[in-house]
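Biologist: I would like to go through this structure with you and ask how each label is earned. Please set each value against its rule.

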Amino acid sequence: MKNRMTVSMKGRIMNSLGGFYEVATEEGTLSCRARGLFRKEGVTPLTGDEVLVRDMGDGTGYVEEILPRRNSLIRPPVANLDVLALVVSVQSPPPNLQVLDKLIAVAEHEGIEPVIVVSKTDLESGEEIVSLYRRAGFSVFPVSVRAGTGIEALREYLAGRQSCLCGNTGAGKSSLLNVLLPGLCLETGEVSRKLGRGRHTTRRAQFYPLEGGGAIADTPGFSAIDMTRYALLRREEVQTCFQEFEPYLGRCRFQDCLHLCEAGCAVLEAAEKGEIAPSRLASYHALVEEAGKVKEWDIRAGTGKNTDGS
Ligand SMILES: Nc1nc2c(ncn2[C@@H]2O[C@H](COP(=O)(O)OP(=O)(O)O)[C@@H](O)[C@H]2O)c(=O)[nH]1
Ligand SMILES: [Mg+2]
Ligand SMILES: [Zn+2]
């Protein structure tokens with residue numbers, strides 16, 4: 001039975017704060033509460049969710065239904081991404097390729113396209129990282145907000161897509177968003193330092209609509225420690241999250257080869273020949289080892305242990 005005063009329509013959650021969801025619809029943005037039933041069912045609406053909302057006619061509404069998710073991440077808590085843009089600075093902070101490779105693997109596992117944004121190229125060319133990841137088959141965007149280079153190419157790539165910037169604190173994510181979206185004025189590192197220690201510049205994922213369609217989210221920075229909660233993969237799943245291994249999978253002497261040190265391993269041979277980068281192989285090995293420590297129960301339960309309440 002439809003209430004004639006209210007209308008149900010489709011929208012997307014752009015932001016959430018204190019139990020309110022900002023939902024973008026064709027008719028504008030509604031500030032919504034979620035249906036009480038979600039809590040009982042143990043479902044939490046995520047930023048990026050496509051939802052059905054009931055428009056109460058006064059700028060508010062109710063999230064009535066969460067439409068099926070294409071994918072979702074635990075940290076940052078977002079759903080339905082086309083692209084995970086991993087921002088890694090050439091300097092300050094220095095790049096941590098192992099963390100980067102783990103984020104790439106998480107994206108691959110969720111079916112989200114990882115792209116690598118090499119930032120602060122005014123400080124150093126970043127050539128090595130750029131070519132390492134291009135050779136592995138990724139789209140790589142060297143950018144400098146300071147010098148104003150590489151921004152257009154990235155903007156073009158992200159247009160029409162649902163994406164999220166992710167990377168170390170201080171890598172330059174908020175600065176990048178400020179130039180990608182003229183008119184936006186996010187706090188960046190310098191500003192927050194002035195405001196004092198312990199202040200987090202970006203607390204949660206929030207989507208900003210892009211000109212020409214799509215939306216992009218800034219996310220909180222994280223320390224390497226947070227990475228342990230990122231995703232839970234089985235040991236034998238990790239290899240499928242390294243796209244450049246693909247041509248060699250199934251070619252090892254042993255069918256259950258994990259490419260650690262087995263004889264007749266096609267992946268190790270490829271690495272030996274320089275077809276797979278040593279740092280990527282090392283990251284793979286670290287992830288397999290980490291996966292070995294995860295209890296089977298944790299994987300089935302999908303416990304992301306997101307402890308910051310966001
Ligand atoms: N040299 C240089 N510094 C940058 C660039 N982009 C950002 N920064 C600085 O890096 C620091 C962290 O930037 P911010 O955008 O807050 O990083 P976030 O934590 O990833 O959001 C700030 O002091 C920025 O001014 C850049 O292209 N070149
Ligand atoms: Mg930031
Ligand atoms: Zn192998």
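Modeller: Two residues count as in contact if their C-beta atoms, placed from the backbone, lie within 7 Å. The model is a predicted one.

Biologist: Which residues are in contact with alanine 85, leaving aside its neighbours within four places in sequence?

Modeller: By that rule, alanine 85 is in contact with Val115, Val117, Ser163, Cys164, Leu165 and Cys166. Ala85 is also one of the residues that touch the most other members of the largest nonpolar core, which has 70 residues. Others in that group include Leu84, Leu86 and Val87. Helix H2 gives the most to this core, 7 residues.

Biologist: What is the general background to such a core?

Modeller: Nonpolar side chains tend to be buried together in soluble globular proteins.

Biologist: Why is phenylalanine 207 called buried?

Modeller: The cut-off for buried is 20 or more other C-beta atoms within 10 Å. Phenylalanine 207 has 22, so it is buried. Its place is in strand E12, residues 206-209.

Biologist: Which residues are in contact with phenylalanine 207, again without neighbours within four places in sequence?

Modeller: Phenylalanine 207 is in contact with Met14, Asn15, Thr47, Gly48, Ala215, Ile216 and Ala217. Methionine 14 is 193 residues away along the chain, yet the two C-alpha atoms are separated by 4.9 Å. For the protein chain, 64% of the contacts with a separation of 6 or more are between residues 24 or more positions apart.

Biologist: How do you know that the length of helix H8 agrees with its number of residues?

Modeller: H8 covers residues 278-293, which is 16 residues. The rule is 1.5 Å times one less than the number of residues, so the expected span is 22 Å. The end C-alpha atoms are 23 Å apart, which agrees.

Biologist: What makes you say that the buried residues of H8 line one face?

Modeller: The buried residues are Arg280, Leu281, Ser283, Tyr284 and Leu287. Seen down the helix axis, they fall within an arc of 160°, so they line one face of H8. They pack against helix H2 (97-110) and helix H7 (266-272). On the other side of H8, Pro278, Glu289, Gly292 and Lys293 are exposed.

Biologist: Why is lysine 120 called buried, and what is its phi?

Modeller: Lysine 120 has 24 other C-beta atoms within 10 Å, and the cut-off is 20, so it is buried. Its phi is near 60°, a positive value in a residue other than glycine. Lysine 120 is in the loop between strand E9 (113-119) and helix H3 (127-135).

Biologist: What is the phi of histidine 259, and where is this residue found?

Modeller: Histidine 259 has a positive phi of about 60° although it is not a glycine. It is found in the loop between strand E13 (215-218) and H7. Histidine 259 is buried, with 24 other C-beta atoms within 10 Å.

Biologist: Why do you point out positive phi values and cis bonds at all?

Modeller: Most residues other than glycine have a negative phi, and most peptide bonds are trans. The peptide bond from serine 92 to proline 93 is cis, with omega near -5°. Proline 93 is in the loop between strand E8 (83-89) and H2.

Biologist: How many residues surround ligand 1, and how do they divide?

Modeller: Ligand 1 is surrounded by 19 residues, and the closest are Lys173, Ser174, Ser175, Thr188 and Gly189. The shell divides into 3 nonpolar, 11 polar and 5 charged residues. Helix H5 gives the largest share, 3 residues.

Technical notes:
Residues are numbered from 1 along each chain as its sequence is written. Chains are lettered from A and ligands numbered from 1 in the order in which they are written. This is a predicted model: local features need pLDDT of at least 70, side-chain atom pairs count only at pLDDT 80 or more; totals for chains, interfaces and linings use all residues. A residue is near a molecule or strand if its C-beta atom, placed from the backbone, lies within 6 Å of it. Helices (H or I, at least four residues) and strands (E, at least two) are DSSP runs, numbered from the N terminus. Ala, Val, Leu, Ile, Met, Phe, Trp, Tyr, Cys and Pro count as nonpolar, Asp, Glu, Lys and Arg as charged, and the others, Gly among them, as polar. A residue is buried if 20 or more other C-beta atoms lie within 10 Å of its own, exposed if 12 or fewer, and partly exposed in between; C-beta atoms are placed from the backbone. The arc is that of the directions from the helix axis to the C-beta atoms. A nonpolar core is a set of buried Ala, Val, Leu, Ile, Met, Phe, Trp, Tyr and Cys residues joined through C-beta atoms within 7 Å.
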